[in-house]
Amino acid sequence: MFDSTADALGRDDFCSLAPIGWLHHKMQDAFFLVVGTRSCQGFLQTALGVMIFAQPRFATALLDEDDLSGRDTLTALLPIVQSVVDEHRPAAIVLGSTCTPEILKMNVGGCAPALEAASGVRVYPARLDGFDASYTQGEDHVLAAMIARAPEPTEPNLVVLGCLSALEEAEIRLACEGMGVPTPGFLPSESALALPPIGPQTVLIPVHPYLADACAYAARERGARVPPVVFPYGPDGTRAFYEGIAAAFGRAASFADRETAAWAACDRELAALRGRSVAFCSDALLELPLARTLRAAGVNVPFVATPRVYRKFHARESELLAGVDVLEAPDRYETFARLTSCDPDLVVANLNVANELEGMGFAVKWSTELSFQPIRGFAGAPALFGLFASALRRHQALARTTGAVGSAANPITLDFFRTPVRSAV
Amino acid sequence: MKLALWSYEAPAHVGVTRAASSFAGVHTVLRAPKGDGYATIMFAMFERLGVTPPLTISALSEATLAGAPADIGRTLADVDQRLGPEMIVVTRSATAAVLQEPLDGEIRMLAPGAIRAQIVEPDTHPVRDTETSAFAKTVCEIVDRVALDGVPRTREPSVNIIGPSLLGFHDRSNVASLQRMLADVGVTVNAVIPLGASTAQLRNAGAAWANVTTALELARPTFERLHERFETPYVEDVPFGEAGTYRFLDALGGLLEIPRARIRAAGRGAQLAWYARTVDAHALSGKRVAVFATPSTAAGLARVLGEELDMRVELVGTYVLDHDAWLRGRCERLDTEVLVTDDYREVARAIDRLRPDIVFGTQMERHSASRFGLPCAVVAPPAHILNFPLGYEPFIGFDGANHLGDLVNRTQVLGLEHHLIETFGPRNQGRFAEAAPDGTDEPVATAADGAPRWDDGAEKLVGRIPFFVRKKARTNIERYARDRAIAVIDEATVLAAREHVGG
């Protein structure tokens with residue numbers, strides 16, 4: 001009934017400014033300056049909430065009517081960058097261009113070299129807009145800008161690409177040391193200035209399924225080798241991930257025993273999940289690897305909706321998911337129709353639709369959490385499955401109470417709002 | 001360009017959406033990049049709506065930049081068929097406005113009858129209007145369009161309550177408080193606008209004997225328009241405090257001829273005036289307070305704190321810039337400093353300079369105040385999830401006055417405790433002062449217990465675990481190590497333990 005072209009109804013997603021939320025925690029010496037409207041500023045404030053209060057390391061250069069009518073972008077940005085440098089003393093500035101500068105063709109990124117020269121602080125230009133990119137891809141664009149500044153390697157090296165927690169990094173480092181491959185450099189790391197060398201001698205391994213552009217950039221512009229990967233989500237994915245790294249350096253390594261042990265460590269969570277069904281709404285591009293590992297764990301996955309499948313970058317994940325229906329960029333109502341017909345035990349959905357789906361009677365796991373929890377690697381596997389298992393357990397526990405939409409305690413109800421005033425056709 | 005870290009007000013399109021979508025049977029279509037669509041999350045999360053939010057994005061994509069038409073007609077048709085609204089309000093974000101797409105043209109080109117809902121494009125400016133002004137204009141425009149001329153006044157005295165909306169600050173509680181109180185004095189509510197007002201109610205907007213509000217800055221254009229069209233009188237002041245509520249009812253009583261005895265009877269449950277006379281409240285006299293809020297709340301609350309609780313109002317302020325003169329006029333009798341700014345840092349500096357005993361402000365002032373170690377009560381938007389209580393927490397009317405008393409009571413240090421602290425100094429000093437602030441970061445056991453030792457790498461790694469779970473993680477890791485007779489915990493142990501226990 002409804003087609004699913006890019007501008008169909010209800011594409012539920014956030015702005016790609018969102019990764020500032022985790023990137024500014026990871027890179028403690030970076031400042032994120034966003035050139036945009038009050039709406040960008042409102043999103044940062046709403047989405048990143050209280051983070052602003054401690055020590056703000058992000059801000060918006062609000063476009064005013066002079067900017068809209070063609071004031072020189074560099075002239076406008078210079079004093080703003082200078083005041084950020086004076087007040088916050090960052091080691092580097094990530095300069096985000098948003099929708100409006102793109103519409104106005106302001107070339108914010110092109111100002112970076114001059115801003116850097118004037119301020120003495122490194123400036124990484126990145127597109128952080130809310131047009132088509134999935135919200136996680138803001139990280140992709142920031143990392144691409146950092147790759148552009150990485151030094152050339154002098155010997156074969158390994159770079160692990162993607163924002164990780166210290167725990168996840170430690171596991172990968174120890175695993176690489178065990179395999180006899182080079183100790184990996186991580187991008188990003190704690191300093192926005194600490195860049196691992198990247199060049200033709202580099203094997204670049206992405207850890208997240210939303211880093212296609214940065215990988216393509218590293219391969220194209222820096223000559224790095226980016227082997228096809230399975231992402232380190234779940235014991236099965238982590239094993240393939242490590243074995244893929246070994247193979248890239250011409251070594252044979254087996255993580256079969258580690259995989260078995262990791263599955264065993266997830267036993268309690270898996271007991272709650274095995275034989276149940278979990279469907280994915282389109283969200284952060286994490287859907288393919290998550291669905292793949294859930295299926296490997298004995299979960300029935302009726303379908304996976306995702307914003308986009310990258311034929312090459314997601315090739316191995318797609319292979320491993322063969323047999324599962326993948327909906328690419330479906331609209332909200334198409335997804336709802338699928339959910340109604342397959343009635344899964346658990347629906348994975350973002351904050352846009354989570355409450356709505358609960359209101360429709362589905363058990364929901366809100367997905368945004370999955371993009372900032374340390375759930376990768378063998379050690380992260382129990383946490384990964386735990387997020388799904390606890391959602392299921394919680395819904396079973398709550399089934400004993402009556403959780404009807406709305407609140408009896410509130411004297412003014414929103415009932416007017418729940419029933420259409422004239423019936424829909 | 002201007003550097004902005006944090007704003008009190010959302011962009012204009014949020015004001016339009018909040019206003020329009022709060023009417024029953026009205027859906028908003030927002031032309032914007034999907035990234036501007038976070039307003040839908042606010043509806044879903046703050047109002048805990050278990051249904052489709054009353055807002056649909058007509059997404060502006062890369063294809064649009066390459067010249068693809070907006071095709072707003074298709075979005076409108078989808079919304080019309082699927083959700084069946086009576087009115088669709090079309091607006092655009094600042095970003096979409098820059099593109100200057102001919103939306104009006106596309107809408108005019110739609111086949112007659114293709115869309116059954118009435119389509120309205122409010123006359124607001126996506127950059128020059130603020131959330132507040134865009135809200136106020138949109139409410140006025142929708143009411144004005146739907147209200148019919150020649151409607152007779154209701155038989156019994158009645159009012160419209162103008163201002164409450166979805167995503168409003170304690171609005172549902174405030175409406176309930178007003179309704180309860182108005183019922184007590186024999187006044188019926190003709191319509192609550194926009195929150196839940198149906199088209200049928202709006203047609204009869206002119207039937208109310210008077211208009212009242214929960215926030216003047218949101219209601220003023222509608223007040224004026226309805227006065228022009230129907231000569232409906234209005235009460236500008238919002239009923240804050242007990243005396244303030246009596247004054248409000250007296251003003252309304254003058255318009256509707258409400259017997260005074262009825263007004264007195266309606267206030268029987270009010271306890272703020274009596275509370276002010278009780279021993280516990282004696283400590284309030286001369287306490288220095290700062291109030292920074294919306295204009296109505298700032299003026300109303302400052303008066304309550306000063307006149308009804310005998311506190312010393314050092315500062316009154318608002319971030320709604322076009323109400324500067326109005327607020328100054330309202331505060332003349334208080335002899336206080338008035339600050340009108342939309343820069344939270346300026347407010348923080350004023351708080352720092354004045355060091356009041358209690359701050360009444362927004363969530364931002366709560367954070368500023370806590371930086372200076374000052375107590376703060378949150379009394380005004382921008383609304384936070386905490387301002388959507390499940391229960392009844394009004395700020396206005398007699399019930400609201402009681403709640404304000406509780407708020408003051410809970411926010412400041414009272415009576416006996418006050419004297420004890422004056423005499424002996426604050427708590428948390430003395431021999432406990434040496435302990436870690438909240439005990440979260442201490443090693444759980446020492447080497448003397450035969451517990452495993454942590455090597456530097458492991459220590460560093462565990463230091464990276466968020467502080468609120470660190471202690472638990474340490475305990476688990478040490479237990480894991482002890483169970484396996486591991487004498488020295490290294491990074492591998494930390495990871496193995498995490499895998500073993502999960503989390």
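**View 1. Helix H16 (residues 344-354) of chain B lies across four strands: strand E9 (288-293), strand E10 (312-318), E11 and E12 of chain B.** Here we start inside chain B of a predicted model. Helix H16 of chain B runs at about 175° to E10(B), so please keep that strand in sight while you look at the helix. The strands under discussion belong to an open sheet of five, ordered E11-E10-E9-E12-E13 in chain B, and their pairing is parallel. The edges of this sheet are strand E11 (337-340) and strand E13 (376-378) of chain B, and each of them pairs on one side only. On average, neighbouring strands here are turned by 15° against each other, direction ignored.

**View 2. A closer look at one pair in that sheet: strand E12 (residues 358-361) of chain B with E13(B).** Three bridges connect these two strands, which pair in the parallel sense. For a handy landmark, find B:Phe360, which stands opposite B:Ala377 in E13(B). Strands of a sheet pair through backbone hydrogen bonds, either parallel or antiparallel.

**View 3. Chain A and chain B meet in a contact that takes 78 residues from chain A and 67 residues from chain B.** On the chain B side, several elements give two or more residues, among them helix H2 (38-46), helix H4 (72-83), helix H8 (171-184) and helix H22 (491-501) of chain B. Strands contribute to this side as well, including strand E1 (2-4) and strand E3 (55-59) of chain B. Sorted by class, the side of chain B that touches chain A holds 32 nonpolar, 20 polar and 15 charged residues.

**View 4. A strand pairing crosses from chain A to chain B: strand E2 (residues 58-62) of chain A joins E1(B).** The two strands run antiparallel and are joined by three bridges. To find your bearings, pick out A:Thr60, whose bridge partner in E1(B) is B:Ala4.

**View 5. In chain A, three strands form an open sheet in the order E6-E5-E7, with parallel pairing.** Strand E6 (185-187) and strand E7 (202-206) of chain A stand at the edges; each has a single partner strand, so one side of each is left without a neighbour in the sheet. Neighbouring strands in this sheet are turned by 25° against each other on average, direction ignored. Strand E5 (residues 157-161) of chain A pairs with E7(A) in the parallel sense over five bridges. Within that pairing, A:Val160 has A:Ile205 in E7(A) as its bridge partner.

**View 6. Domain 1 of chain A touches domain 2 of chain A through ten residues of domain 1 and six of domain 2.** Helix H1 (residues 20-26) of chain A supplies three residues, the largest share of the domain 1 side. That side divides into six nonpolar, one polar and three charged residues. Taken over C-alpha atoms, the centres of these two domains of chain A are separated by 29 Å. For orientation, the domain assignment of chain A places domain 1 at 20-129, domain 2 at 157-256 and domain 3 at 275-398.

**View 7. Chain A as a backdrop for the close-ups has 19 helices and twelve strands.** Of the 425 residues in chain A, buried residues make up 55%. Among the contacts in chain A with a separation of 6 or more, 70% come from residues 24 or more positions apart.

How values were computed
Residues are numbered from 1 along each chain as its sequence is written. Chains are lettered from A and ligands numbered from 1 in the order in which they are written. This is a predicted model: local features need pLDDT of at least 70, side-chain atom pairs count only at pLDDT 80 or more; totals for chains, interfaces and linings use all residues. Domain bounds come from an automatic or database domain assignment. Two residues are in contact if their C-beta atoms, placed from the backbone, lie within 7 Å. Ala, Val, Leu, Ile, Met, Phe, Trp, Tyr, Cys and Pro count as nonpolar, Asp, Glu, Lys and Arg as charged, and the others, Gly among them, as polar. Two strands pair if DSSP finds at least two bridges between them. Axes are lines fitted to C-alpha atoms, for helices over the stretch in contact, and angles run from 0 to 180 degrees between N-to-C directions. A residue is buried if 20 or more other C-beta atoms lie within 10 Å of its own, exposed if 12 or fewer, and partly exposed in between; C-beta atoms are placed from the backbone.
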